[in-house]
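Open the model in your viewer and follow along, one selection at a time.

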Amino acid sequence: MITAGVDMGAKTIKIVLFKDGKIIGKNIILGGFDQRAAAEKAFHELLTQTKRTRNEIEHISVTGMGRKEIYLHPPISADHEVTEVTADARGTLYLHPSARTIIDVGAEEGRGIKCDANGKVVDFAVNEKCAAGAGSFTEAMGRALEVKVEDLGDLSLKSTNAVAMNAQCAVFAESEVVSLIHAKTAKQDIARAIHDAIANRIVSMARRIGVEKDVVLIGGISKNKGFVDSLKRILEIDNLLIPAEAEYVGAIGAAIIASENR
Amino acid sequence: MTKYPTEQLKCWNKAKEIRENFYKNYATAKDKGGIRWAGGAWSFGAIPAGLGDDVYMITGEPYGASVAWNKDFAVECQEAAEKAGFARDLCAYMRNYWGSMILDKYAFGGKFPKPDFIWQDHICCSHAKWYQVVSEYEKVPMFCTDVSTGPYSELNESRLKYVVDQLHEGILWLEKVSGRKYNDQKLIDAVYSECEATATWAEVCVLNKTIPAPLDEKTMYSLYVLGTLMKHSPIVRDFYKELRDEVKDRVKRGIAAVPNERCRVMSDTQPPWAFLKVFRYLEKFGCVSIGSLYTFGLIGMWEDKPDLPAPRPGKFFVYAIKCDDDSIYIGQTDDLPRRWQEHLEGTAADWTSSHKPVSIVHYEEYSTREKAVKREQDLKTGFGRKWLIREIEAGRARQAGGTWGPKTTPQQKGIKIKTRDEALRVIADWTLSRPEYQHFYDPALKSAMMVRIAKEWKLNGVMLHYNRGCEGLSLGIAENRLAIQKAGFPVMTFEGNMGDEREFDEGRTMTRIDTFMETLGLNKLED
């Protein structure tokens, strides 16, 4: 049986095809203004890549903020929806069966998930009405620093001075970054301060549910080496697992759930 | 899939009518030559009742919630309060009330009615300050009773007297500001009425232990609110008795609040009033919120029940009662509930009439009166008493009681209130036992009550509202979460504000509920 999992994230859409317990294809696309059209495009591309047709896919599960866009809506017509937390837990356990704490930092939301050996969610925490604990925060700060977001990680690893950033809010943090720039603080130190600030928020959320090993980081921000460094330091752990498919975990989880949804 | 029959409450419209009349009577009090007072829902409302039958009040918290329910008006009030310089992170009810006062707009139409005086108590950090602002703005006198005497379990004579003395002074103050002579009989009637009303509300909540629950929390909000308006009023007492009888009948006929009930949760603190649809959303999963410590214990008055076995032919009981001086009284009977009541009333034995019975700490069953009498005599010996005390201390005694039920009223205990002082002592003691007062002293006291609700009302999970609008009731809630989890109940939290919708994220809260329901293994039954 072939199933698909779609993660309609706040910024990007991820799609995974799953057959007999294995991932047979995946695709990622920017959601843009018209998420439904973007999802349809990505889905079509993936079918072409894998030489499959829509009819071959028995079930499609959709997760992510924009999931209503394609749930029961043709041509994709996902037949099942699942929350990000459940999809993340299933996807992570598939990739790392030893995972007990999952930290997912997407564009707009940060999540801490605690699960048992079966991938059952025992407790979870999600950031509230605030983007300071999510990926979009680093993008905004990168703009203030005039550094591409993909270069921010390497830059912060060069930092030799810890500079404190006190603001908890993305809006205030940006003005703090501007002040640091005017105070001639080295760019790499500001970059590290940004990563420390977001990691602090994420860690305080994860501690609310209790951090148990193994800890797995998923979501787009896991590609940012500077953030990973800050997170490990603040969590006080050496072994932070990051799957190669970190961005796709929600979609993988959804595809697995779809395969059980007979 | 509908499992259980459901139907609307018959007394629903009556509850609405009582609430409407309450706000209307306050607004029109002056047309009838009456007195108007303002104060908190927790204040000693029975006391101004001694000024006459034409005394009308407005209680601030439910008024603030009524404002919140009207989203447009609420934002108007909040902005007016902010413009006057009051910070946005203060009590949301207080800001809604202040805004309504500053705008001179009453949530129920017309101008904001000015009170003759303010009658308030002080338990949370905002209580006295709220009405200090009102008193200065409206230029009306204020009396505030401090009730911070510590947990009820530690109440002693001097602490009780501290509150009673303030109430005595308050009555002299009421006579002075109203120019009326105080009527002690009206006070006594109001005290009796309040005790009966608040215990009856607890009785209604106990009925929700039934599966399926006869009431859901959203409905309970519209019912408990009457107690927050005028808990001392015979109108509320009579309504709660009618409601209790109707809910009893629902239980008997298996009428459910949520027809597809398959999961039971409770909430905590005030909900985001403008978004009560959260509770209707739960129903899509077959989930019922059976209430909360907030809906049960803000107005309802509770105690550990003895849970004694009903009398049966051929059953005789030997029992041991612990008295308030830690002495143990031992007796035998064929009807334990009746005998316990007699001990409480002081008519069963000389010892228990002079040493207040606290609880039945041990009981045993025998098939004949002779065997029971023999055992009673054995236990009364020095050796028997030593054995009994050892068993009790080791937790091996067969203790009666333990479930939470309505507090026994003074009238049930046979207490006859004759004087002003006796009435004030009864109402002070009664009020200080309020469950929702206890967590101000220690979050563990609240956790213990929440865990017992979770167990006794057979819950599958708990939804905690991190209510930014109420520092008082949110105090220690993160500690409560940990304690409830430790007791084995899954907990979800959501942030919001009871009275300021600007701090509530509807979409994310609903997603969080979806997630929580998934973790409980529940899918939506309907969309």
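**Start with chain B**

Select chain B. Among its contacts between residues at least 6 apart in sequence, 77% join residues at least 24 apart. Keep in mind that this is a predicted model.

Now switch to a cartoon view of chain B. You should find 21 helices and 13 strands. Chain B has a radius of gyration of 24 Å, close to the 24 Å that the globule rule gives for 527 residues, so chain B is as compact as a globular protein of that length.

Next, show just the C-alpha atoms of chain B. Taken along the principal axes, they fill a box of roughly 75 × 60 × 40 Å.

How much of chain B is buried? Of its 527 residues, 47% are.

**Move to chain A**

Hide chain B and select chain A. In cartoon view, look for 8 helices and 10 strands. The globule rule gives 18 Å for 262 residues, and the radius of gyration of chain A is close to that at 19 Å, so chain A is as compact as a globular protein of that length.

Reduce chain A to its C-alpha trace and turn it along its principal axes. The trace spans about 60 × 40 × 30 Å.

What share of the 262 residues in chain A is buried? The buried residues come to 52%.

Finish with the contacts of chain A. Take those between residues at least 6 apart in sequence: 70% of them join residues at least 24 apart.

**Last view**

Show both chains again. Chain A brings 8 helices and 10 strands, and chain B brings 21 helices and 13 strands.

Terms used
Residues numbered from 1 in each chain as written. Chains lettered and ligands numbered in written order. Predicted model: local features only at pLDDT ≥ 70, side-chain atom pairs only at ≥ 80, totals over all residues. Helix = DSSP H or I, 4+ residues; strand = E, 2+ residues; numbered from the N terminus. Rg over C-alpha atoms; globule rule 2.2 N^0.38 Å. Buried ≥ 20, exposed ≤ 12 C-beta atoms within 10 Å, placed from the backbone. Contact = placed C-beta atoms within 7 Å.
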